[in-house]
Amino acid sequence: MRAYEGIVRQVEERIAAGDLRPGDRLPSERELTTQFDVSRSTVREALRVLESSGLIRSRPGDPLGPQVIASTASAMRKLFARVVDSRRLGVAELLQFRMIIESAAGSVAARMASPSELDELEQALAGMRDAVADGYEAFSAADVRFHEHVARLSGNELLVFCLDAVRSMVLDLISTKLAEAPDREALMERTLAHHRRVLDAMRAGEADEVTRLTREELHRYYAEYVPEAQRSMVGGMGDVPDSARENFRASIPLGRMATPRDSADAVVFLASDEARMITGHTLVLDGGTTAG
């Protein structure tokens, strides 16, 4: 990895951890050059990458330093993609992560959504039904809209961003296999039936049932694409009994995630200290605070 990539990693890590928030400033180009013991061109390349990723706004020569800007879904996808690529993570890790946070979003939505909001989700489900006649691609797009709607009903923007990012990466990894699936019509009907059960459970306020149904369906839909040697990572996720759930949490670190903050911590955990090992230096924020 090149020096500028190490700087990019550290900034991304601090943004994901919440240490750098929209409106915060990075050190100036001159300060970053000194901190990382690199040339100004290296610092500028790192800032260019961060700006193209939608994470900062940078003006050459600005004495206040580059400014962190509000995250967008696109920026979050790029951030996740960098972490996944650097760690060479595969379908098993991504599916496990998605099962955890998507079921959490559904559970929160079941507790918080109003009847009128659930009526809007009903319309999204009707849109899926209408899309069946237009083929699998149209149906898939309508299915994504349904999932996005559930995430928004949780009222947590971090969950929305995380789910958008991890859903895109899971689909990217297995898109070819999905495109070649021979039983698309049956798959669409099964998906509709499952979403009907999820929505009914939400209307009944049965958060635990929403969690179970979400994990169960994600496992049924994607587990066959997970290498056989890694299927134990997701094998227990669809089970309802508390004993199975606790055994999973005890054996799989990511299985302990339960809050939006834990989702952010997972991103930081995946990134770990790799950037610091590569550069040999640590990003220092205003006031001498060490980022990491």
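This passage looks at helix α10, its residue T214 and its packing against helix α9. The model is predicted, so local features need pLDDT of at least 70 and side-chain atom pairs count only at pLDDT 80 or more, while totals for chains, interfaces and linings use all residues. Residues are numbered from 1 along each chain as its sequence is written, and side-chain values use heavy atoms, with hydrogens and water left out.

Helix α10 covers residues 207–222, 16 residues in all; helices here are DSSP runs of H or I with at least four residues, numbered from the N terminus. From first C-alpha to last it reaches 23 Å, close to the 22 Å expected at 1.5 Å a residue (1.5 Å times one less than the number of residues). Among the buried residues of α10 are V210, L213, T214 and Y221.

T214 sits in α10 and counts as buried because its relative accessibility is 9% (buried means under 20% relative accessible area, with a 1.4 Å probe and protein chains only). Leaving aside residues up to four places away in sequence, T214 touches E102, S103 and H194 (contact means heavy atoms within 4.5 Å).

Helix α9, residues 184–203, packs with α10 at an angle of about 165°, the axes being 9 Å apart; axes are lines fitted to C-alpha atoms over the stretch in contact, and angles run from 0 to 180 degrees between N-to-C directions. The two helices are therefore roughly antiparallel (over 145 degrees). In this pairing, residues of α9 including L187, H194 and V198 meet a set in α10 that includes V210, L213 and T214.

Methods
Buried means under 20% relative accessible area, exposed over 50%, partly exposed in between (1.4 Å probe, protein chains only). Angles under 35 degrees count as roughly parallel, over 145 as roughly antiparallel, 65 to 115 as roughly perpendicular and the rest as oblique.
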